[in-house]
Amino acid sequence: MKTHQSIILLVLCTLSFTPLSAQQPQPVIFSEDIPAKPLLCPTPPMGWSSWNTFACDINEDLIKAMADEMVATGLKDAGYIYLNLDDCWHGERDADGFIQPDPVRFPSGMKALADYVHSKGLKIGIYSDAGSATCGGKPGSLGHEYQDALQYARWGIDYLKYDWCNTENVNSKGAYSLMAKALRASGRDIVFSLCEWGDTQAYSWAENVGHLWRTTGDVNCCFDCELDHGGWKSLGVLQIMDKNEKLRQFAGPNHWNDPDMMEVGNGMTESEDRAHFSMWCMMAAPLILGNDIRSMSPATAALVMNKDMIAIDQDPLGIQGLRYRTESGLEYWLKPLQSGAWAFCILNRTLSSRTITLDFADFHMFDNLSRLTFETGSHNYKVYNIWAGKEEAPSNKSRKVTIPSHDVVVYRLTY
Ligand code: GLA
């Protein structure tokens with residue numbers, strides 16, 4: 001009895017001397033207690049997303065047509081298996097708080113759409129936001145995380161992109177960890193793609209939270225530009241690459257740096273598209289197409305389905321390539337591959353075509369991150385020119401190489 005009295009007294013004293021603000025609920029920090037994630041992305045995920053071409057103008061007929069085209073064009077067989085709905089599929093929440101799709105755009109419902117996509121041998125992705133509303137103004141998941149994860153699992157969703165608009169006063173690590181826990185409790189294996197644009201350095205803390213994380217702001221369909229939207233900027237291919245390149249130590253199997261969806265086939269020149277695609281492969285980036293694949297040109301199709309280039313992106317070592325040397329507008333990139341092979345890429349950032357004499361011996365180097373050596377001293381590598389599609393003289397011979405403006409030459413060297 002005496003003990004009870006003293007506890008009550010202690011509580012009263014504490015309350016009466018505690019300032020009101022300190023009595024407010026304190027934020028819960030979620031981090032170390034997240035269950036291990038399902039290992040769904042041993043190599044960077046590949047697929048298609050609605051955003052870059054269609055923005056908010058999506059509906060179930062369009063998504064079904066894309067599923068058909070992913071099979072008919074050969075994209076699925078080339079490895080592009082995720083068909084991702086981005087923003088604006090949403091309707092309202094029902095009386096119990098469960099999110100519903102827009103009834104006009106998706107009259108058959110999400111379960112039926114997921115079943116259709118699965119029947120094609122593809123997987124389906126969906127989009128939400130950690131804040132009160134998505135970037136497109138649709139309902140966000142804040143306060144509904146477990147309910148939303150459960151709903152996605154019931155529908156048969158395989159991939160969630162989770163955005164970062166309207167998140168004032170939300171703690172990023174807490175919010176993304178909360179959704180990670182909700183997904184893991186949902187009963188379905190779901191790839192978790194963080195999209196906080198690198199603003200809160202997800203790359204440095206999200207290895208157990210998600211499978212990929214955006215490292216930059218939104219891509220803009222241009223090779224070398226920045227577009228000011230007042231308050232935020234979208235970035236060209238080179239601008240994104242320059243930011244993503246610095247983060248290679250954070251990427252690896254099941255936790256990828258994501259320099260955003262691709263703009264290949266959306267209006268850049270063929271050289272620029274080739275350079276864009278090649279650099280995403282050199283950086284072991286997720287390969288998420290953003291073009292209208294119903295009207296994809298043969299040139300774009302050949303580019304994004306180049307097996308040798310995709311193999312560089314999908315190499316099982318999962319090591320993001322490095323920019324090894326920059327010389328008057330030309331960049332030399334290397335990426336270690338399995339079995340002692342290397343990808344070697346020359347990127348021409350300039351507005352004029354360049355011809356050089358290339359001697360691989362000048363690029364002998366030890367990569368501190370992978371602890372692997374580009375051994376041009378003792379090894380005479382076999383040299384395959386990927387975009388030319390042909391074997392060249394071995395690496396101990398020098399060669400003349402022309403790299404057109406805003407283009408690349410990529411080699412695979414095997415020993
Ligand atoms: C943000 C994301 C984009 C896209 C849009 C949708 O800008 O970074 O990738 O998802 O929202 O509104």
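This report covers the ligand site, the largest pocket and the largest cavity of a predicted model.

**Ligand shell**

The ligand is surrounded by 13 residues. Asp86, Asp87, Lys161, Asp163 and Asp218 are the closest of them. By class, the shell holds six nonpolar residues, six charged residues and one polar residue. The five closest residues named above are four Asp and one Lys, and each of these two types counts as charged.

Three side chains place a polar atom at a short listed distance from a ligand oxygen. The table gives the values.

| Side chain | Partner | Distance |
|---|---|---|
| Asp86, N or O atom | ligand oxygen atom | 2.6 Å |
| Asp163, N or O atom | ligand oxygen atom | 2.8 Å |
| Trp197, polar atom | ligand oxygen atom | 2.9 Å |

The protein buries 94% of the 310 Å² that the ligand exposes when taken alone.

**Largest pocket**

Where does the ligand sit? The space it takes is the largest pocket. That pocket encloses about 520 Å³. Its lining comprises 26 residues. Trp197, Arg214, Gly217, Asp218 and Trp232 lie closest to the pocket centre. Two elements each give two or more residues to this lining: β6 (159–163) and β10 (233–235). The lining splits into eleven nonpolar, ten charged and five polar residues.

Some names recur between ligand and pocket. Asp218 is among the residues closest to the ligand, and Asp218 is also among those closest to the pocket centre. Trp197 is another residue close to that centre, and a polar atom of its side chain lies 2.9 Å from a ligand oxygen.

**Largest cavity**

How many cavities of 30 Å³ or more does the model contain? The count is one. The largest cavity has a volume of about 140 Å³. It is lined by 14 residues. Nearest its centre are Asn84, Tyr159, Lys161, Met261 and Ile288. Strands β6 and β8 (212–214) each supply at least two lining residues. By class, this lining has six nonpolar, five charged and three polar residues.

**Links between the sites**

Strand β6 contributes to the pocket lining and to the cavity lining. Lys161 is one of the residues closest to the ligand. Lys161 also lies among those nearest the cavity centre.

Definitions and conventions: Residues numbered from 1 in each chain as written. Predicted model: local features only at pLDDT ≥ 70, side-chain atom pairs only at ≥ 80, totals over all residues. Heavy atoms only, no water. Near = heavy atom within 4 Å. Polar contact = N/O pair within 3.5 Å; in protein donor to acceptor, adjacent residues only side chain to side chain. Areas by Shrake-Rupley, 256 points an atom, 1.4 Å probe, with all protein chains shown as cover. 1 Å grid on protein atoms, 1.4 Å probe; cavity = no way out; pocket = protein on both sides within 12 Å on 5 of 7 lines; lining within 4 Å. Sits in = over half its atoms within 2 Å of the grid points. Points joined across faces, edges and corners; volume = space filled by probe spheres on them. Helix = DSSP H or I, 4+ residues; strand = E, 2+ residues; numbered from the N terminus.
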